[in-house]
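Let's take a walk through this one together, from the overall fold down to single side chains. Have the viewer open and follow along.

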Amino acid sequence: MTTRWTAVRVLRDRTAGRCLTAVVVSGFGTSALWLASGVWVKDLTGSDGLAALCLLAMWAPTLAGPLLGTLADRHRRRPLLVALSLFMGVLLLTLCAVDAPGELWLLYAVLFVYGAAGTVHDAAESALVAGSVDRSLLGDFNGLRMTANEGMKLLAPLAGAGLYTAYGGPGVAVLDAASFVAAALVYLSLRVREERPAPAREGGRSAVAEGVRHLWGDAVLRPLVLAGGVTMLCAGVSGALTYAVIEDLGHSPAYAGVLYAVQGAGSVTVGLLSGPALRRLGARRFAAYGISLLAVAVALRAVPYDPAAWACAAAIGVGLPAALIAVLTGVQQHTPDPLLGRVTATADTLVYTPNVIGLAAGAVLVELLGHRAQLAALGVVLGMTAAVLLGRRPAGADRTAARSASDASPA
């Protein structure tokens, strides 16, 4: 099959292109709110701890991902995405009433609901894409989705900061609400045919267990998700060492912005190339090569040399998203449609929760151990993870399922 540019392949597909548009639109507002909410609390209270609670409030619901994901399996996904987007658009407008410390409970409550709705939203969107887009495009879509998210992280915080300076927190809340309404309109424009899900045969706990059993019992998904979790754990510890690395380079903490920009450029690059790479390598090898690159880059962060730091940042930007894209694409390709929502949410919980644990552990260890020894140890752990993943050889289906459009039917 002739390889085309990822963007062209995805945008020519009506459903994939419009889903990607919705991701970009809503992601812009979300990224702006992530920054503004902490600044908002800091301005009202002067407390760094209370400001940090904003991130905790948004992240905490992902721990219930396996349960929340069942909602995406019990309803048609397009109407669910429309309803969630409109609901969040209305809910965010209530933040216009927050202008004093005594009203911050409302902000935290909205952020908590935001995180829960986002978990259901991501699961439903992944399931909708997997069920509506040709399997040969899944890797391309997930790569472009990563590229769009990274681009939003570079642009949206600047827009959010400017809007916050001019209009305060309510201005950013209105922007995010408008982005959700726009996303709802995009989802409404989709022309997809979805069968009404069969009535649930099991209660909530049993339904969650069914998704976990599928994830754990699949010879392709289990090692992918475990490797993704270990990778994100190490990435969390490495991220907590960033300012120690910068100090070793002899720069001020603001230099982190330069390194993050370089890392973002690497993420944009791998997002554009992931589709062809997944078709050629398969999810397991693509993830393993990405983790191998990450292992080398993390270990070499211990070298106090600016060009090395830049090269490592770019390599981390390539290697880490490769593992995440491989996990999501593998889940979409190896999960039956009735289970896609809960399996996607369960995989997200198992992969992303270790990142937060790693950040917390790194924040403690950086005060106890030298950052160079930690970075070298993380490189070894990541290298072993990649080796184990490469050593596994399941039936080879992870490669053939993504090879070409002629070999695959719509999920």
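Let's start on the outside, with a single side chain: valine 181 sits in helix α8. Keep in mind that the model is predicted. With a relative accessible area of 38%, valine 181 is partly exposed. It belongs to a nonpolar surface patch of about 350 Å², made together with Leu86, Leu185 and Leu188. Which helix gives the most to this patch? That would be helix α8 (residues 169-188), with three residues.

Now zoom out. The chain folds into 17 helices and zero strands. Of its 411 residues, 52% are buried. The accessible surface comes to about 17700 Å², and carbon and sulfur atoms own 67% of that. As for how the chain is wired, take the contacts with a separation of 6 or more: 85% of them are between residues 24 or more positions apart.

A good place to see such wiring is serine 85, found in helix α5 (residues 77-93). Is serine 85 buried or exposed? Its relative accessibility is 0%, so serine 85 counts as buried. Leaving out residues up to four places away in sequence, serine 85 touches His121, Phe180, Ala183, Ala184 and Tyr187.

Next come two of the helices themselves. Helix α6 (residues 104-132) has 29 residues, which should span 42 Å at 1.5 Å a residue, and its end C-alpha atoms are in agreement at 41 Å apart. Helix α6 is mostly covered, with 21 of its 29 residues buried. Helix α13 (residues 283-300) has 18 residues and reaches 26 Å from first C-alpha to last, close to the 26 Å expected.

To read the buried side of a helix, one bit of geometry helps: an α-helix has 3.6 residues a turn, so residues three or four places apart point the same way. With that in mind, look at the buried residues of α13, which include Ala283, Phe286, Ala287, Gly290, Ile291, Leu294, Ala297 and Val298. Arg284, Ala288 and Ala295 are buried in α13 as well.

Val298 also leads us on to another helix, as one of the contacts of leucine 378. Leucine 378 is in helix α16 (residues 371-391), and at 9% relative accessible area it is buried. Apart from neighbours within four places in sequence, leucine 378 is also in contact with Cys234, Val237 and Ser238. How far apart in space are leucine 378 and serine 238? Their C-alpha atoms are 7.6 Å apart, while 140 residues separate them in sequence.

Since a cysteine has come up, let's check the sulfurs. A disulfide is a covalent bond between the sulfur atoms of two cysteines. How many disulfides does the structure hold? The count is zero. Two cysteines worth picking out are cysteine 54, buried with a relative accessible area of 1%, and cysteine 96, partly exposed at 39%.

On to the charges. A search of the whole structure finds eight salt bridges. In one of them, arginine 145 meets aspartate 122, at 3.6 Å from N to O. This pair links distant parts of the chain, with arginine 145 in helix α7 (residues 138-167) and aspartate 122 in helix α6, 23 residues apart. Arginine 145 counts as buried at 18% relative accessibility, whereas aspartate 122 is partly exposed at 32%.

Another salt bridge joins glutamate 210 and arginine 342, with the closest N and O atoms 3.3 Å apart. Glutamate 210 lies in helix α9 (residues 204-217) and arginine 342 in helix α15 (residues 340-365), so this pair ties together parts that are 132 residues apart in sequence. Glutamate 210 is partly exposed, at 23% relative accessible area, while arginine 342 is buried at 8%. The story goes on from there, as salt bridges that share partners join Asp73, Arg77, Glu210, Asp337 and Arg342 into one network.

Inside that network, have a look at arginine 77 and aspartate 73, whose side chains meet in a salt bridge of 2.9 Å, N to O. What are the relative accessible areas here? Arginine 77 has 6% and aspartate 73 has 7%. The cut-off for buried is under 20%, so arginine 77 is buried, and aspartate 73 is buried too.

How values were computed. Residues are numbered from 1 along each chain as its sequence is written. This is a predicted model: local features need pLDDT of at least 70, side-chain atom pairs count only at pLDDT 80 or more; totals for chains, interfaces and linings use all residues. Side-chain values use heavy atoms; hydrogens and water are left out. A disulfide is a pair of cysteine sulfur atoms within 2.5 Å. Buried means under 20% relative accessible area, exposed over 50%, partly exposed in between (1.4 Å probe, protein chains only). Helices (H or I, at least four residues) and strands (E, at least two) are DSSP runs, numbered from the N terminus. Contact means heavy atoms within 4.5 Å. Accessible areas come from the Shrake-Rupley method with a 1.4 Å probe; for residues, only the protein chains shown count as cover. Patches are made of residues with over 30% relative accessible area and no salt bridge: like charges are joined within 9 Å, nonpolar side chains (Val, Leu, Ile, Met, Phe, Trp, Tyr) within 5 Å. A salt bridge is a side-chain nitrogen of Lys or Arg within 4 Å of a carboxyl oxygen of Asp or Glu. The expected span of a helix is 1.5 Å times one less than its number of residues.
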